[in-house]
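Student: Please take me through one part of this model in close detail. I would like a strand and its partners, then what surrounds them.

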Amino acid sequence: MKKRWAAQRERSAIYMREAATALIDAYFERGRSTPYNQAEKIAALGGYYQKKRIVVCQALPLISHSFSGGHVFIGAQTWYAAIRTLGAYGLELVGSIHSHPGGLSVFMSGEDMRTHRLMFPQGVSIVLNPQRNEIQAFRCDGSRYELKFSQEEISP
């Protein structure tokens, strides 16, 4: 396990391409409070690993089996479908983004960290509060990545 997490620790930043950012803003209704963003939502992040950074090219909204203001559950078949869909576009599953709506702060819960370690130990978990327009990227141990938004194409 230490080797796997050592590679993650070397990565210092997450680069969000414009297409991924636009989809995230629309799906989570970032910066607004609406009836549709009061419960947790989640999306898979597709991209690639590049030396000391993770480049996120696309966000794929996931259909949850159950959700509430403070909980969202995604089944294994939904994750596998996301991996296949991203792979069809030449992308890897590099993480996920989910919301902590309303009064919830942006943090990694114990369940968030367990899911991260299981699904994408070298990847990123992004948590956002759409109403407060707060967003943060995390490693599987709960420490933070630097999150950068890029309008330029990032060369592979």
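Tutor: What follows looks at strand β2 and then widens to the rest of the fold. Keep in mind that the model is predicted.

Start with the frame. The protein has 4 helices and 9 strands. In sequence order they run α-β-α-β-β-β-β-α-β-α-β-β-β. Of the 156 residues, 46% are buried. Among contacts with a separation of 6 or more, 68% join residues 24 or more positions apart.

Now the strand. β2 spans residues 42-50. It is mostly covered, with 8 of its 9 residues buried. Two of its pairings can be described here. One is with β6, antiparallel, over 6 bridges. In that pairing, Gly47 faces Glu92 of β6. The other is with β3, residues 53-61, again antiparallel. Here 8 bridges join the two strands. Tyr49 of β2 has Ile54 of β3 as its bridge partner.

Next, the turn. β2 and β3 make a hairpin with 2 residues between them. Lys51 lies in the loop that links these strands. Its phi is near 45°, a positive value in a residue that is not glycine. Most residues other than glycine have a negative phi. Lys51 counts as exposed because its relative accessibility is 79%, and the cut-off for exposed is over 50%.

Asn133 offers a second example of such a backbone angle. Its phi is positive, about 60°, and it is not a glycine either. Asn133 sits in the loop between β7 (124-129) and β8 (134-138). At 41% relative accessibility, Asn133 counts as partly exposed.

Follow Ile54 from the hairpin to strand β1. Ile14 is in β1, residues 13-17. Ile14 is in contact with Ile54, the bridge partner of Tyr49. Its other contacts, leaving aside neighbours within four places in sequence, are Val56, Val124, Ala137, Tyr145, Glu146, Leu147 and Lys148. Take Lys148 in particular. Ile14 and Lys148 are 134 residues apart in sequence, yet their C-alpha atoms are 6.0 Å apart. Ile14 has 0% relative accessibility, so it counts as buried.

β3 also takes in the position of Cys57, since the strand covers residues 53-61. Cys57 counts as buried, at 10% relative accessibility. Cys140 counts as buried too, at 1%. The number of disulfides comes to 0.

Finally, turn to β6, the other partner of β2. β6 (92-99) is one of the elements that supply at least two residues to the lining of the largest pocket. β5 (71-73), α3 (76-88) and α4 (110-119) do so as well. That pocket holds about 510 Å³ of space. Of its 26 lining residues, the closest to the centre are Val72, Phe73, Glu111, Asp112 and Thr115. The largest share of the lining, 7 residues, comes from α4. By class, the lining has 12 nonpolar, 10 polar and 4 charged residues.

To draw this together: β2 pairs with β3 over 8 bridges and with β6 over 6. From β3, Ile54 makes contact with Ile14. On the other side of the account, β6 contributes to the lining of the largest pocket.

Conventions:
Residues are numbered from 1 along each chain as its sequence is written. This is a predicted model: local features need pLDDT of at least 70, side-chain atom pairs count only at pLDDT 80 or more; totals for chains, interfaces and linings use all residues. Side-chain values use heavy atoms; hydrogens and water are left out. On a 1 Å grid over the protein atoms alone, a cavity is a set of points where a 1.4 Å probe fits but cannot get out, and a pocket is an open set with protein on both sides within 12 Å along at least five of seven lines; lining residues have an atom within 4 Å of a point. Grid points are joined across faces, edges and corners, and a volume is the space filled by probe spheres set on the points. Ala, Val, Leu, Ile, Met, Phe, Trp, Tyr, Cys and Pro count as nonpolar, Asp, Glu, Lys and Arg as charged, and the others, Gly among them, as polar. Buried means under 20% relative accessible area, exposed over 50%, partly exposed in between (1.4 Å probe, protein chains only). Two strands pair if DSSP finds at least two bridges between them. A disulfide is a pair of cysteine sulfur atoms within 2.5 Å. Contact means heavy atoms within 4.5 Å.
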